[in-house]
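Student: I've got a new model open and I'd like to talk it through. Can you help me find my way around?

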Amino acid sequence: RFGLGYNEANGDAGGEDTALISRFRLNIDADAYTDGGVQFSARVRLQADDDPEINEQNSATLNGARFSAIYQGFRLDVGNVSGAFDASDAYFGFEPGLEAFTGQYAAVDYDFLEYSSTGSGANAVAAFYTGPNFLVGGSYDPDEVTGNDRWDISAQYTFADAYTLYVGYGENDNDQSLLIGVLTADFDRFTVNAFLGDEDLNLAPGAEDTDGTVYGLSAGFDVGTATQIVASYGSGSGDADTEAYAVGFVHDLGGGVALKGGIGSEGPRNGSSSTVGDLGVLFNF
Amino acid sequence: RFGLGYNEANGDAGGEDTALISRFRLNIDADAYTDGGVQFSARVRLQADDDPEINEQNSATLNGARFSAIYQGFRLDVGNVSGAFDASDAYFGFEPGLEAFTGQYAAVDYDFLEYSSTGSGANAVAAFYTGPNFLVGGSYDPDEVTGNDRWDISAQYTFADAYTLYVGYGENDNDQSLLIGVLTADFDRFTVNAFLGDEDLNLAPGAEDTDGTVYGLSAGFDVGTATQIVASYGSGSGDADTEAYAVGFVHDLGGGVALKGGIGSEGPRNGSSSTVGDLGVLFNF
Amino acid sequence: RFGLGYNEANGDAGGEDTALISRFRLNIDADAYTDGGVQFSARVRLQADDDPEINEQNSATLNGARFSAIYQGFRLDVGNVSGAFDASDAYFGFEPGLEAFTGQYAAVDYDFLEYSSTGSGANAVAAFYTGPNFLVGGSYDPDEVTGNDRWDISAQYTFADAYTLYVGYGENDNDQSLLIGVLTADFDRFTVNAFLGDEDLNLAPGAEDTDGTVYGLSAGFDVGTATQIVASYGSGSGDADTEAYAVGFVHDLGGGVALKGGIGSEGPRNGSSSTVGDLGVLFNF
């Protein structure tokens with residue numbers, strides 16, 4: 001994907017507010033199937049990113065490998081894996097912009113287990129089970145270096161063919177935790193996510209207040225057959241929590257190519273916000 | 001490609017004059033086509049090079065990505081791109097040797113925008129239009145870090161089915177510029193390029209004189225159906241300009257494999273020159 | 001491949017004794033064939049490894065390239081190559097465990113030319129000739145930086161359809177040398193290797209004694225059609241030589257997937273040994 005990005009805060013900080021933005025991502029996947037029907041997979045990702053603060057780009061890099069054993073609805077991931085928040089579409093909702101620069105989760109500060117596209121990632125274990133209208137999962141990431149082990153679990157249930165409820169919970173050995181619930185309602189051309197949660201960051205006295213309730217909304221509306229308008233809003237109860245909103249669009253050009261863009265605002269809830277926006281082309285191959 | 005390389009100057013500098021030379025280059029290309037017929041492409045190059053001064057080799061690396069939008073004769077490149085000199089065959093002419101170790105451009109010192117095979121490259125924009133017998137192009141490379149933006153433009157025209165005239169011009173924010181003209185004449189088995197230009201490097205007082213007129217010649221002659229003899233000469237009017245000449249051959253072994261080699265001399269125009277040469281096999285896959 | 005590894009010595013040294021272990025290895029091969037029937041090949045390996053001492057994993061890396069010219073039974077390798085020991089199956093014998101963590105060669109300390117999977121490797125030359133029941137090979141690795149050139153040669157002969165004798169010899173400019181002989185006997189479901197050699201490490205006075213005779217045994221036994229039991233033992237005459245033994249198994253799950261595991265003990269011959277073991281899944285794709 002490539003395009004133009006605008007970030008007022010980068011410019012204010014002495015860098016460039018407008019930059020050529022781009023990302024090249026190639027998944028290198030390998031699969032093998034036992035006679036008993038178990039699928040073993042491995043993935044390494046090759047990714048090249050831009051560096052928008054100085055309007056330059058970086059060389060492509062390889063990340064840490066993820067290994068999977070998959071049997072019917074069950075999936076075990078080992079290595080550089082996604083945890084129970086990161087693996088969930090409901091957690092992220094609709095993210096406006098070519099770069100999906102914000103979303104309903106904007107105020108969340110808890111550091112849950114995420115797949116790393118450009119680094120070695122964790123050496124963790126995650127397991128997921130997908131049933132006819134539900135999904136459960138969990139992960140455990142031992143951290144030998146700092147001793148800060150973390151784990152998370154989630155469950156998702158779809159009912160009445162239109163509503164999906166997701167609940168996720170994670171905590172780590174630093175006495176931090178995150179509880180998130182997302183209710184998704186999916187009507188014909190309109191889909192909306194309501195996002196509500198609570199995080200306990202075990203903040204040191206005098207630290208910036210980013211703790212407490214987090215909440216957000218995101219929605220998508222199909223305009224005609226090839227265009228979708230998306231919007232998101234996220235904030236939290238902490239005085240220093242990030243508050244962000246944005247609106248964007250996706251226009252399908254066919255053949256795996258889409259024109260995407262968005263514009264919004266982000267900043268501390270009780271501070272000055274800055275404008276962000278981008279516009280460009282995303283293509284899958 | 002791999003073979004043996006000889007460089008007298010490396011030996012004189014305390015390194016190795018003879019080394020096993022090699023290069024592995026793999027382009028990772030990705031393409032998508034919109035319903036409207038626009039092609040979007042992305043390329044990352046994986047390359048492993050030798051380090052002939054110590055006769056060792058380096059691990060393979062990935063470079064910065066190039067993104068392209070192509071529609072009929074028009075091409076837009078973004079990211080790690082070639083500028084209007086680098087994208088032109090006429091500028092380079094015939095380059096003798098397995099490693100194309102010299103060419104008619106030997107005395108050019110201006111640093112124009114080039115595609116980087118092993119680094120992140122520029123984050124620039126280049127556009128080209130190819131017509132029935134002409135080609136125009138240009139590039140712009142903003143450099144936020146040092147403030148030395150640069151741009152270049154070129155035009156090429158083929159006439160009488162045998163002659164091609166190329167003119168390129170580039171300048172940067174350091175008040176440096178380069179103007180190059182190349183006339184190519186293509187007769188049945190013999191092709192010759194005449195290269196003439198002028199560069200203004202805005203040299204500091206007392207700096208080595210590498211400024212002024214640059215000139216060169218290169219030619220290729222087909223001996224039989226599978227063998228070509230190539231030669232090049234390049235020099236300039238500056239006292240410290242590089243002067244280099246070489247002769248080489250290419251022998252096609254079929255299946256994308258060619259035996260290539262060359263021998264020549266290079267050094268400052270008013271100084272001592274040293275011998276360079278190589279011999280080896282190039283194969284495409 | 002991925003699984004669980006146990007290494008008592010890592011735990012004793014303040015690290016982790018048990019770790020998630022994994023390796024992702026992808027060979028990027030390129031081939032071209034001349035009209036005369038010569039095959040030219042190049043290989044770069046992409047590999048991601050774990051870091052079991054801290055139970056984390058590393059990002060994938062690219063290694064140095066290997067270039068080959070192959071014509072009938074003759075093969076010439078240039079660049080990051082395997083020498084005459086490294087290229088031989090007989091030298092390695094059966095190596096128990098998912099990670100092949102030990103083998104009959106456990107006491108060998110001589111540093112012969114090896115293919116590097118994660119580094120740039122040597123810039124060396126190796127040649128091999130394979131006949132109907134024999135194989136000869138040799139390599140030469142010039143080292144310009146430290147001046148420690150090294151070379152090795154080997155010959156292997158199969159007789160009576162069941163016995164294979166391998167002899168390899170290597171030396172370097174530091175007056176170190178290694179001579180190894182391996183006799184392999186292959187009976188229906190049972191294969192055994194006897195390993196005997198001598199190394200001269202030109203040790204400094206007072207250095208730990210790892211010199212002298214090296215010896216070992218390894219064997220494999222097929223239990224049914226899909227399972228093999230393997231075992232190895234290696235030791236040497238030096239007081240500080242490593243002594244290691246292990247037993248393991250391989251169970252084929254079909255489709256290129258195998259369950260592998262092993263357990264053993266290793267340590268200095270006259271010192272305390274520690275337990276090592278692993279269990280996991282290997283899959284080829």
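**Bridges, contacts and a core**

Tutor: Sure, and keep in mind that this is a predicted model. Over all chains, the structure holds 18 salt bridges.

Student: How many salt bridges lie across the interface of chain B and chain A?

Tutor: Start with the contact itself, which takes 34 residues from chain B and 27 residues from chain A. Nine residue pairs are in polar contact between chain B and chain A, both residues at pLDDT 80 or more. For salt bridges across this interface, though, the rule finds zero.

Student: How much area do chain B and chain A bury between them?

Tutor: An interface's size is often given as the accessible area lost when the parts come together. Here 68% of the buried area is on carbon and sulfur atoms. On the chain B side, B:Phe67, B:Asn123 and B:Glu144 lose the most area to chain A, together 28% of what that side buries. The total that chain B and chain A bury is about 2,300 Å².

Student: Which residues of chain C lose the most area to chain B?

Tutor: In this contact, 33 residues of chain C meet 27 residues of chain B. The area buried between chain C and chain B is about 2,300 Å², with 68% from carbon and sulfur atoms. Three residues together make up 28% of what the chain C side buries: C:Phe67, C:Asn123 and C:Glu144.

Student: What is the count of residue pairs in polar contact between chain C and chain B?

Tutor: Salt bridges won't help you here, as the count between chain C and chain B is zero. With both residues at pLDDT 80 or more, the count of pairs in polar contact between chain C and chain B is nine.

Student: Is A:Asn55 buried or exposed?

Tutor: You'll find A:Asn55 in the loop between β3 (39–51) and β4 (56–57) of chain A. Its neighbours, not counting residues up to four places away in sequence, include A:Glu16 and A:Thr18, along with B:Asn123, B:Pro142 and B:Glu144. The side chain of A:Asn55 also reaches the backbone nitrogen of A:Leu20 at 3.0 Å. Because its relative accessibility is 5%, and the cut-off is under 20%, A:Asn55 counts as buried.

Student: Which residue has its side chain in a salt bridge with A:Arg75?

Tutor: A:Arg75 has 25% relative accessibility, so it counts as partly exposed. Its partner has a relative accessible area of 3%, so that residue is buried. The N to O distance in this salt bridge is 3.0 Å, and the partner is A:Asp77.

Student: And in chain B, is B:Asp77 buried or exposed?

Tutor: B:Asp77 and B:Arg75 meet in a salt bridge through their side chains, at 3.0 Å, N to O. B:Arg75 is partly exposed, with a relative accessible area of 25%. As for B:Asp77, its relative accessibility is 4%, so it counts as buried.

Student: Which residue forms a salt bridge with C:Arg150?

Tutor: Both C:Arg150 and its partner are buried. The closest N and O atoms are 3.0 Å apart, and the partner is C:Asp141.

Student: How many residues does the largest nonpolar core have?

Tutor: Those with the most contacts inside this core are A:Phe24, A:Phe283, B:Phe24, B:Phe283, C:Phe24 and C:Phe283. Take C:Phe24: among the residues it touches are A:Ile28, A:Val44 and A:Phe67, and also C:Leu46 and C:Phe285. In total, the largest nonpolar core has 60 residues.

How values were computed. Residues numbered from 1 in each chain as written. Chains lettered and ligands numbered in written order. Predicted model: local features only at pLDDT ≥ 70, side-chain atom pairs only at ≥ 80, totals over all residues. Heavy atoms only, no water. Contact = heavy atoms within 4.5 Å. Buried area = accessible area lost by both parts, 1.4 Å probe. Salt bridge = Lys/Arg side-chain N within 4 Å of Asp/Glu carboxyl O. Polar contact = N/O pair within 3.5 Å; in protein donor to acceptor, adjacent residues only side chain to side chain. Helix = DSSP H or I, 4+ residues; strand = E, 2+ residues; numbered from the N terminus. Buried < 20%, exposed > 50% of the residue type's maximum accessible area, 1.4 Å probe, protein only. Core = buried A, V, L, I, M, F, W, Y, C linked by side-chain atoms within 4.5 Å.
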